[in-house]
Each structure stands twice: as C-alpha cells, then as structure tokens.
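Trainee: I have a model open and would like to check some of the terms used for it. Can we go through them one by one?

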Amino acid sequence: MISRRFFLEQLAGAATALRPSFAARVETGLRDIAVRRGIVYGCAAATYELKDAAFSAALAREAGILSAEYEMKRAALEPSRGRYDFSGGDGLLAFARTHGMAFRGHTLVWDHSNPPWLADALQQPNAEPLLTDYIATVVGHYKGRVRSWDVVNEVLQPTDGRRDGLRDTLWLKRFGPGYIDMAFHAARQADPAALLVYNDWGCEWGAPENDRFRAATLDFLSHALARGVPIQALGLQGHLSAFGTQVDQKKLAVFLDAVRGMGLKILVTEHDVDDSGGPSDIALRDQAVADASRRFLDVMLDNPATQAVLTWGLSDRFLDPPGWRDRLAGRYPRKLPLDRDYGRKPMWNAMAKAFRA
Ligand code: G3I
C-alpha cells in the first residue's frame with residue numbers, strides 16, 4: 001500500500017521532469033510557495049529588464065505569472081492609428097511561456113498611457129470603434145494566451161463628485177458610463193476564455209476616503225453585474241505605504257466578503273509598499289515594508305476568492321529614481337521583494353509567510 005505522500009512526491013517528480021524550467025530553478029521561489037497555497041504569484045515586468053541575465057534568472061525562479069508594466073498599454077500597442085506594435089507584449093509572453101508562467105493583460109482601457117493621436121480621434125462622430133475595435137484587435141491577438149485582462153483600469157473616483165462615483169475620464173466624457181459595458185462586452189466577445197477584471201486602487205487603506213471608495217466599488221459592481229456586464233473579477237492594485245495611511249484589516253475583510261458574495265474572483269494586481277517618509281535606516285524601512293505587506297496579504301489570502309498576487313515589479317533595481325534630495329541622501333525606494341542586487345528582502349520573507357499561513 002503506497003502512502004499518499006509517496007504518491008504525491010512521485011507526481012511532483014513527474015511534473016518536474018515535464019517542466020524544464022522547474023528543474024532549472026534550484027531554489028524554491030515565491031511561485032512554488034504560492035502554488036502550495038492554491039494561488040499564483042508573479043509580477044509586472046518590461047522587456048528591457050529581461051536583457052539582464054541575473055534578473056531573468058531571478059524572475060524565472062520567483063514568478064508564476066507576468067503582466068506588462070507598460071508595454072501592453074495603448075501608447076505602446078497602437079502608437080499611430082491602426083498601426084499595432086505587439087513586440088513588447090509578445091516578448092514578455094514568450095518569456096512567460098518559456099518559463100511555464102501564466103500571463104495577464106494590463107490594460108485595455110485607461111485614462112493614461114494613450115497615444116497622442118487618440119484624444120482628437122475620439123472627438124470625431126461615430127467614435128465607438130476606437131474603443132471596441134481596439135479591444136477586439138488586441139484581445140484577439142492574444143486570444144487563448146492571456147489568463148486575465150484588466151479590461152478597464154481606474155474608472156472610479158468618488159471625489160470627482162458623480163453620484164455613481166465614476167472617475168471623469170476621457171472615455172466617460174466621450175461615451176458616458178456605458179463605455180465600461182462596451183469594453184467588457186467587446187473583450188468577452190474577443191476571448192470567451194479570459195477572466196475579465198475591473199482593476200483599481202483605493203479600497204485597500206483605512207481612511208474615510210477609502211470607506212467611500214469601497215462603497216462606490218460595491219455599488220458599481222452590483223449595478224454592472226445586474227446589467228449583465230461580464231465582469232468576473234476585481235483587481236485590487238495593492239499599492240501600500242509603510243509610513244502613511246495603513247490598511248484597516250477589518251474594513252478590508254468585510255469589503256472582500258461582499259465582493260466574493262457577488263460571485264467575483266479577486267486578484268492583487270500591483271502590490272508594492274512605498275517606504276518614503278520613514279527613518280533613513282534601511283533595516284527599519286525594510287521591516288516596515290514587510291510588516292505592511294504581511295498585514296495586507298493575510299487579509300487578502302483569508303478570502304477564498306483571491307486567486308493571484310502580483311507585485312508591481314520584482315526588484316528595487318528598476319524602480320523610478322527618487323527626487324534629487326533623496327538621491328543625494330542615498331535614499332532609493334525599497335518597495336519590492338528583491339533588492340537592487342536581486343537578494344531577498346524582509347518583504348520576500350513576509351510574502352512567503354503569508355502564502356504559507
Ligand atoms: O517608453 C519608454 C521606452 O521607450 C523605454 O525603452 C523604457 C525604458 O526606459 O521606458 C519607457 O518609458 C516609460 C516607462 O514607464 C518606463 O518604465 C513610459 O514612457 C511611461 O509611460 C511608463 O510609465 C508607467 C505608467 O504606469 C504609465 O503607463 C510606469 O512604468 C508604470 O509603473 C505605471 O504603472 C501604473 C499602472 O499601470 C496602473 N496603476 C498605477 C501604476 C503606477 O503608476
């Protein structure tokens with residue numbers, strides 16, 4: 001009678017043999033720890049980062065899913081009207097497939113990172129195809145190869161003063177609130193298999209404006225689902241602050257339960273922890289970053305609807321440099337799991353513990 005453990009070990013061995021990149025990864029990365037929790041861990045990346053062989057090895061070890069930090073936004077994909085450049089997204093997708101990673105698309109419709117020609121083109125009559133044809137082309141190009149799409153990004157902002165809490169974007173100005181419905185239906189038609197995500201920030205922290213943001217999000221999602229909009233998941237970006245407003249674990253847990261109650265999946269899509277505003281001591285900053293990440297992920301992962309955690313990058317090396325004063329003081333941002341030399345930081349340990357909890 002073989003034991004269950006022995007059988008599973010044999011199965012894992014067979015899986016190892018089938019997945020060359022697994023054998024090539026000598027260390028257990030966050031991707032392996034996440035899988036044991038039943039979730040996927042990965043990060044945003046850019047093709048210029050892949051030119052660094054040491055970084056590519058760290059990425060292959062740690063990430064089980066990739067998203068494009070900027071190369072799949074419209075400014076990169078459609079630099080001139082009707083002329084598409086998929087090279088950046090295709091490069092990242094090729095790396096993901098080589099290393100047995102999943103891939104997610106960020107983002108189809110946003111108020112930023114649009115090509116310069118778009119604003120004027122949107123003012124023409126019958127402009128709807130500028131939204132729907134773009135989605136059909138891009139989602140069609142990646143059909144069957146993208147696990148989930150951020151169909152719309154950052155569409156809520158209650159402080160913009162609308163009763164429906166929608167952000168006053170160029171899309172809202174041109175098409176009214178229906179642009180969100182148009183976008184999701186176009187994405188659904190272009191790839192029936194992809195998980196369609198509404199991605200935003202503003203629900204994570206515990207301040208009064210975040211209470212309003214959470215209420216507006218639940219209101220937006222419930223009305224959209226009631227209209228038959230094919231939203232399947234909420235993406236919480238997860239941009240936190242180590243020394244600013246903190247996550248209110250109870251408020252966040254109650255909010256996540258309400259999202260799950262709507263039948264939606266939940267993804268953490270852009271997690272990082274800003275360490276500005278704290279002491280200069282690196283060990284103290286790193287520990288504060290780790291603690292903030294752990295407090296957030298403990299709540300996120302307590303909810304069974306959460307299926308993915310992505311950080312907004314893997315290493316501090318590629319973060320935007322700080323202002324000249326901080327540069328002069330040698331204070332570079334330390335927001336991510338790996339340091340500038342790809343060494344694991346306390347945030348890496350905190351995430352590993354959250355995944356294992
Ligand atoms: O375009 C150049 C490219 O030619 C060059 O090779 C490359 C490397 O130097 O840089 C590219 O420049 C900029 C790129 O960041 C570099 O990372 C782009 O012009 C610039 O638009 C882009 O900014 C991105 C920003 O979104 C706007 O798209 C940031 O990387 C990215 O971190 C930021 O991410 C957003 C999420 O999409 C949504 N949530 C908030 C988050 C942080 O702002």
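Trainee: What makes the pair formed by Ser 113 and the ligand a polar contact?

Mentor: This is a predicted model, and in it a polar side-chain atom of Ser 113 lies 2.5 Å from an oxygen atom of the ligand. The cut-off is 3.5 Å between N or O atoms, so the pair counts as a polar contact. The side chain of Lys 73 has an N or O atom 2.5 Å from a ligand oxygen, and a polar side-chain atom of Glu 154 is 3.0 Å from a ligand nitrogen.

Trainee: How much of the ligand's accessible area does the protein cover?

Mentor: The ligand on its own has 780 Å² of accessible area, and the protein covers 51% of that. The shell residues divide into 4 nonpolar, 5 polar and 4 charged.

Trainee: Why is helix 8 called roughly parallel to helix 10?

Mentor: Helix 8 (residues 128-141) and helix 10 (residues 178-190) pack at about 30°, with their axes 9 Å apart. Angles under 35 degrees count as roughly parallel, so the term applies to helix 8 and helix 10. Their crossing is right-handed.

Trainee: What is notable about the phi of Asn 126?

Mentor: Phi of Asn 126 is near 50°, which is positive, and the residue is not glycine. Most residues other than glycine have a negative phi. Asn 126 lies in the loop between helix 7 (118-122) and helix 8.

Trainee: Which form does the peptide bond from His 106 to Thr 107 take, cis or trans?

Mentor: That bond is cis, with omega near -10°. Most peptide bonds are trans. Thr 107 lies in strand 3 (residues 102-109).

Note on methods:
Residues are numbered from 1 along each chain as its sequence is written. This is a predicted model: local features need pLDDT of at least 70, side-chain atom pairs count only at pLDDT 80 or more; totals for chains, interfaces and linings use all residues. Side-chain values use heavy atoms; hydrogens and water are left out. A polar contact is a pair of N or O atoms within 3.5 Å; within protein, one must be able to donate a hydrogen and the other to accept it, and residues adjacent in sequence count only if both atoms are side-chain atoms. Accessible areas come from the Shrake-Rupley method with a 1.4 Å probe; for residues, only the protein chains shown count as cover. Ala, Val, Leu, Ile, Met, Phe, Trp, Tyr, Cys and Pro count as nonpolar, Asp, Glu, Lys and Arg as charged, and the others, Gly among them, as polar. Axes are lines fitted to C-alpha atoms, for helices over the stretch in contact, and angles run from 0 to 180 degrees between N-to-C directions. Helices (H or I, at least four residues) and strands (E, at least two) are DSSP runs, numbered from the N terminus. Angles under 35 degrees count as roughly parallel, over 145 as roughly antiparallel, 65 to 115 as roughly perpendicular and the rest as oblique. A crossing is left-handed if the near helix is turned anticlockwise from the far one by less than a right angle, and right-handed if clockwise.
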